[in-house]
Amino acid sequence: MTVVTVEGELDFRDEEAFTDKVLRLREAVVVFDSVGGNLVAGIEIGKAIRLKGFNTLVLNDRLCASACALAWLGGKTRWAAPRAKIAVHAAWMFRDGKKQETGSGNALVGAYLNTLGLTDEAIVFITSAAPDDAEFLSFQKAETLGIAVKQFGTGAEPQQAATKAEPETSKPLMSAEPDARYYDPNARTPNPETADPTQPAETKIAGLPPVWRPTEPEMKPQVLDLTNLDAAAEVQRRLQERAFFHGLVDGVWGRRSRIALRDFKIRNGLGADDRWDLQTQLAVFDDRYPAAPAAYVPANPEQEVAGLFMPFAAGHGASLHPLNPGDALKIQARLFELGYYRKTGDGVWGLASRFALTDFKVANNLPPDDIWDGSVEQAMQQSQVIPAVETPFGEWVQPGTGCGDPNNPRRLVISAKAVTAGLGSCALNPPLQRSQQGWAASGICTQGVASAPARVSFQVLKGRLVDRSVVGADPNDKPAVFNRCM
């Protein structure tokens, strides 16, 4: 098994360097020794670790704080030595020269931790300490919060990690009381520190040391699932680096992505289609394959279709695959029939389709995600499924106001994981769920730079929505009533 070390402060885009180094590894233990750093880097590294199924580890007398702790939590199995220091606190950003907690940052953290299956109590603990403070995660606390952590040093730990020698160019050990912190997730140059003139420049590559391999790993990578937004975004980003992809890196595998992949394959003698397989994946992430020539201009995605839409095989128990346009149209049509998809089907498995599928799954007691498989396909064809009209999902306005106006202050757009209320928005964690009183969730609401915790509560009564949600500390004495937009 390969051991990957992550040391030093995490900077913006370190997640890209990390992904480049580990993409071809089949199994790995990621060992952390970091004060933290950029919030997005920590979350995205954690997502990559979870996607690859890697384990994580913090050794004795080493610190993993702030954004580092978020990355460590992504481990399939989380290891910690008895004297490991794992510290967490709320996300923050600089405002007027002072550290101030940021609701949008905490919302990002909460959404990420929810995908890892952490409990509400664990999420609150991880984001509760003030920016200048920290909560340390002990084994006892982890057990209380339901966070699975194994103690390193009990005889079952990964032996390669325990015998790893420090690289000759490794950084000095961290101090016991570092300034552990998150950065503003939108920052691009987060308060760089003056470089140590005695430290060789080549020892830090985008904040990460070289991958250390005690033995040559077995190279049997799995084909990335392009229905997964994170996986597809990594492929888009790589094709963008190779100058083939000129679109938005958003994880939506649409025509621009397919054209970029087809043209990459043509350029490198791999065929003239957009078929995604192991050979193509290995070539995309191999620098030995040429990038696009300087004169390359991608085809118009609305006109050029030659070699596109090579079929994806349906998963176990399913007959449809969302990335096949014909199959996507069928899924969209069924979601439209049930009232969850509120557009005209276009065969593109984009964000609107994913949100609609998540809403359907939440309403019908299925896992709250956008994963399509045989169980979802079977559930969607049942005659007794719960339609959207029996849920709060959709667009609502107060009487006397118009639908479809995003600037309407008396308008709600509700989905399982978010609520848009006028010019503000609320990120829900966990997703909206049916309760005895109707539908309820908790989350963070933001409008402009202001943010506040929220307790969301909706009832659907005779086609109308009764909103009893409470934002901040003010009680809701007069529930608002909304009409559904059809």
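Reader: Buried means under 20% relative accessible area, and exposed means over 50%. With that in mind, does Trp 79 count as buried or exposed?
Author: Trp 79 has 7% relative accessibility, so it counts as buried. Bear in mind that this is a predicted model.

Reader: OK, and how many aromatic pairs are there?
Author: The count comes to five aromatic pairs. One of them joins Trp 79 and Phe 152: the ring centres are 6.3 Å apart and the planes stand at 85 degrees. Planes over 60 degrees apart count as edge-to-face, so this pair is edge-to-face.

Reader: Where do those two rings sit in the chain?
Author: Trp 79 is in strand E6 (residues 78–80), while Phe 152 is in the loop between strand E11 (150–151) and helix H7 (159–162). They are 73 residues apart, so the pair links distant parts of the chain.

Reader: And Phe 152, buried or exposed?
Author: Buried, because its relative accessibility is 10%.

Reader: What about Phe 244 and Phe 264, how are those rings arranged?
Author: Their centres are 5.7 Å apart with the planes at 85 degrees, so that pair is edge-to-face. Phe 244 lies in the loop between helix H8 (229–241) and helix H9 (255–267), and Phe 264 is in H9, so the pair ties together parts that are 20 residues apart in sequence. Both Phe 244 and Phe 264 are buried. Ring pairs also bring Tyr 296 into a cluster with Phe 244 and Phe 264.

Reader: Switching topic: how many cavities of 30 Å³ or more are there?
Author: Five. The largest cavity has a volume of about 130 Å³.

Reader: Which elements line the largest one?
Author: Helix H1 (14–22), helix H2 (39–52) and H8 each give two or more residues to its lining. H2 gives the most, with five residues. The lining residues include Thr 19, Glu 44, Lys 47, Leu 224 and Asp 230.

Reader: What's the lining like by class?
Author: The largest cavity is lined by six nonpolar, one polar and five charged residues.

Reader: Last one: where is Asp 274, and is Asp 274 buried or exposed?
Author: Asp 274 is in the loop between H9 and helix H10 (278–284). Its relative accessibility is 1%, so it counts as buried.

Reader: What does the side chain of Asp 274 reach?
Author: The backbone nitrogen of Met 310, at 2.9 Å. Leaving aside neighbours within four places in sequence, Asp 274 is in contact with several residues, among them Arg 258, Arg 262, Lys 265 and Phe 309.

Key: Residues are numbered from 1 along each chain as its sequence is written. This is a predicted model: local features need pLDDT of at least 70, side-chain atom pairs count only at pLDDT 80 or more; totals for chains, interfaces and linings use all residues. Side-chain values use heavy atoms; hydrogens and water are left out. Rings of Phe, Tyr and Trp (its six-membered ring) pair if their centres lie within 6.5 Å; planes under 30 degrees apart count as stacked, over 60 as edge-to-face and the rest as tilted. Helices (H or I, at least four residues) and strands (E, at least two) are DSSP runs, numbered from the N terminus. Buried means under 20% relative accessible area, exposed over 50%, partly exposed in between (1.4 Å probe, protein chains only). On a 1 Å grid over the protein atoms alone, a cavity is a set of points where a 1.4 Å probe fits but cannot get out, and a pocket is an open set with protein on both sides within 12 Å along at least five of seven lines; lining residues have an atom within 4 Å of a point. Grid points are joined across faces, edges and corners, and a volume is the space filled by probe spheres set on the points. Ala, Val, Leu, Ile, Met, Phe, Trp, Tyr, Cys and Pro count as nonpolar, Asp, Glu, Lys and Arg as charged, and the others, Gly among them, as polar. A polar contact is a pair of N or O atoms within 3.5 Å; within protein, one must be able to donate a hydrogen and the other to accept it, and residues adjacent in sequence count only if both atoms are side-chain atoms. Contact means heavy atoms within 4.5 Å.
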